[in-house]
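Colleague: Could you show me how to read a structure like this one? I would like to begin with a single residue and then look at the whole chain.

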Amino acid sequence: MRVLWAFVASLLVVAGLFALSAERAPARTRSQPAGSGSTTNQVSAGRTLYLTSCASCHAANGQGTAYGPSLAGVGAAAADFQLSTGRMPFAENAGHQAKRKPPAFTPDQIRALVAYVASLGAGPAVPTISTAPSLLPRGQQLFIANCAPCHGATANGGAVGGGALAPPLSMATAVQVGEAMLTAPGQMPAFPLSGEDLAAVATYVEYLRTAPNPGGFSIGGIGPVPEGFVAWLVGVSLLLLIVVLVGHDWDPRRT
Amino acid sequence: MLGWIDDRLGAASWARTGLRKIFPDHWSFLLGEVALFCLVVLVLTGVFLTLFYVPDATAITYNGSFAPLQGQQVSAAFDSVMRLSFEVKAGLVMRQIHHWAALVFVAAIVVHLLRIFFTGAFRRPREINWLIGIGLLLLALAMGLTGYSLPDDLLSGTGLRIVYSVVLSIPFIGPYLAFLVFGGEFPTAQIISRLFVFHVMLLPALLLGGVGIHLAVLWIQKHSQYPGPGRTEHNVVGKPFWPSQVLKSTGLMILTAAVLSLMGGLIQINPVWTYGPFIPTTVSAPAQPDWYVGWLDGALRLFPPIEVTLLGITIPSPFIPGVLLPGIAFTVMTLWPFIEARLMHEGTREHNLLDRPRDNPLRTGIGVAALLVFVMLTLAAGNDVVALVFNVPVETMTNMMRIAVFVVPAVGFGVAWRICEELRRGELHPLGRDPGVMLRRTPEGGFEEVEPPD
């Protein structure tokens, strides 16, 4: 009976893994990064939006409250990352980690909010990321050394302790990858790399998402855990079925 | 032609008895054969891989067709695995068949072992083959561990680092032993070529020799069989080797190869190009061993980080889960036929008729509990992956498994025992329907039970 239980549990895990890999979807690329060339108009429009949607946690002038950190000096990059990945505004039942969801604001509204947050204090600007195939080898090296330990070698995400999860990067745009590395969102540390290195990492993240991955069905791309389940659930199950059929007495004289 | 051979070797009479040898007719006797045929596939694909693999840790510049690695420094071993995967015709599918075959090989051995254990097939006079079988399992595990490490990618390097640390943790001899095995402090240039010699020469020779002895002993001792009409302790009821068993086995071999080829062709396994080459300063995550070593990794993950000092001797924390636990597990497993004979006061009784699992609730209970410890530890090895999939903190997962590894086997023991007892009392088939009770109406208007016609 317990064996059956383990079987059911493992089925669930495999189903989860397939769901995980099915989550991959083409990234939306935004033509113009927000926060560049902001106008006073944008700042005041941003302030209006800020007061209705953000001030309850971050306080009226961005100085922060017990529910949200101060935004002075976080920079345009941080605001653009949090808003364009839908992490802000924070969902009520998100637990203690903001999760990616569809953005709550239009691109124009995001540009205005970013301009307002940038006006609160000097911080990193939205980086210009120009990905290029020639940057791939550098990108892979940097990714494996700095990003893969949490996000996984295939950028499918990973558990990093304290209930925090390094999210899968299947939706992250090149600009968002750069912004995250500069602004250290959530539990992620900052990786203040040069512009070209940021672009190299973003190039490799894009490559992981788009490049053909030889070898057949990818079963999560996270190594021996799904491989072991498949070995038992596909390999051993099929062979057991075959063994029972081969071992059956097919002699028609005996019924 | 056959007469010509017979004149010189006198093989006809020997072959006649051989071909008439009786094999019992039950599917569970074919489980060991599945393992054997996995081994055949492993040898064939392994020979192909050996033609292209370079067991050399020297750093060279990669210039193959995989764009992200171009111009990077990789070991010659990793370079050859990349060439095998991307440039050599049929190289990737051969590598994938080999890896899937290895996973299924050990799984088939475990299923075969469970059949032997739960039916009491290891009892006198078959203890020798039990011992050889455990030896073969250990060799298969060693083959898996050495093979896992050969590609020299980041994941296999992480595995080697853990093995090195576990060896280091053995009191007194750990550091000496680790240096002896690895040829110095990790990471060493020698380890790849050493693993290669073990993986393609020493271990396969021992494994194939062991399988030969395993089969020879089986042949000499004859098969055990399930109890049934006409079956006694002194006969074997079944079909002759030729043609019945030969045809069955040939078909099974072809189908086993087919399943493994299908998996190798359709399902990606161990994509080393995404892990990248082994760099000593980097660790990959999630990092797990192949499933059959998972229980040891799980034990390492669950064991609390305590360092015991006994009589001035420091016992580092990896020693207990990494060395002592498998040591005790394999010792008990090896000695089980003798332990059970003592427990059951068997004396010199011989057993050629098999038990059904219910016939010996104690053995079945112990087997189920041991199996559940193994399953729980294996799940614990994937604690970070399970945490990610089910979105629970990895620490919660670890603490839950620390309890489950004791509670679940204990519950499993009780449940298995109870099921055995009830099946025995009711003489039911575990998958069959309750036959019910037949009643007859008496002339007086009452009912009486009718004995079923048997």
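**One residue, then its chain**

Modeller: Thr119(B) is buried, as its relative accessible area is 5%; buried means under 20%, exposed over 50% and partly exposed in between, with a 1.4 Å probe and protein chains only. This is a predicted model, where local features need pLDDT of at least 70, side-chain atom pairs count only at pLDDT 80 or more, and totals for chains, interfaces and linings use all residues. Residues are numbered from 1 along each chain as its sequence is written, chains are lettered from A and ligands numbered from 1 in the order written, and side-chain values use heavy atoms, leaving out hydrogens and water.

Colleague: Where in chain B is the place of Thr119(B)?

Modeller: Helices (H or I, at least four residues) and strands (E, at least two) are DSSP runs, numbered from the N terminus. Thr119(B) sits in the loop between α5 (91-118) and α6 (127-149) of chain B.

Colleague: Which residues is Thr119(B) in contact with, leaving aside its neighbours within four places in sequence?

Modeller: Contact means heavy atoms within 4.5 Å. With those neighbours set aside, Thr119(B) touches Tyr226(B), Leu354(B), Asp355(B) and Arg363(B). In addition, a polar atom of the Thr119(B) side chain lies 2.7 Å from the backbone oxygen of Arg115(B).

Colleague: And how many helices and strands does chain B have?

Modeller: Chain B has 16 helices and 8 strands. Of its 454 residues, 47% are buried. Along its principal axes, the C-alpha trace of chain B spans about 95 × 70 × 45 Å.

How values were computed. A polar contact is a pair of N or O atoms within 3.5 Å; within protein, one must be able to donate a hydrogen and the other to accept it, and residues adjacent in sequence count only if both atoms are side-chain atoms.
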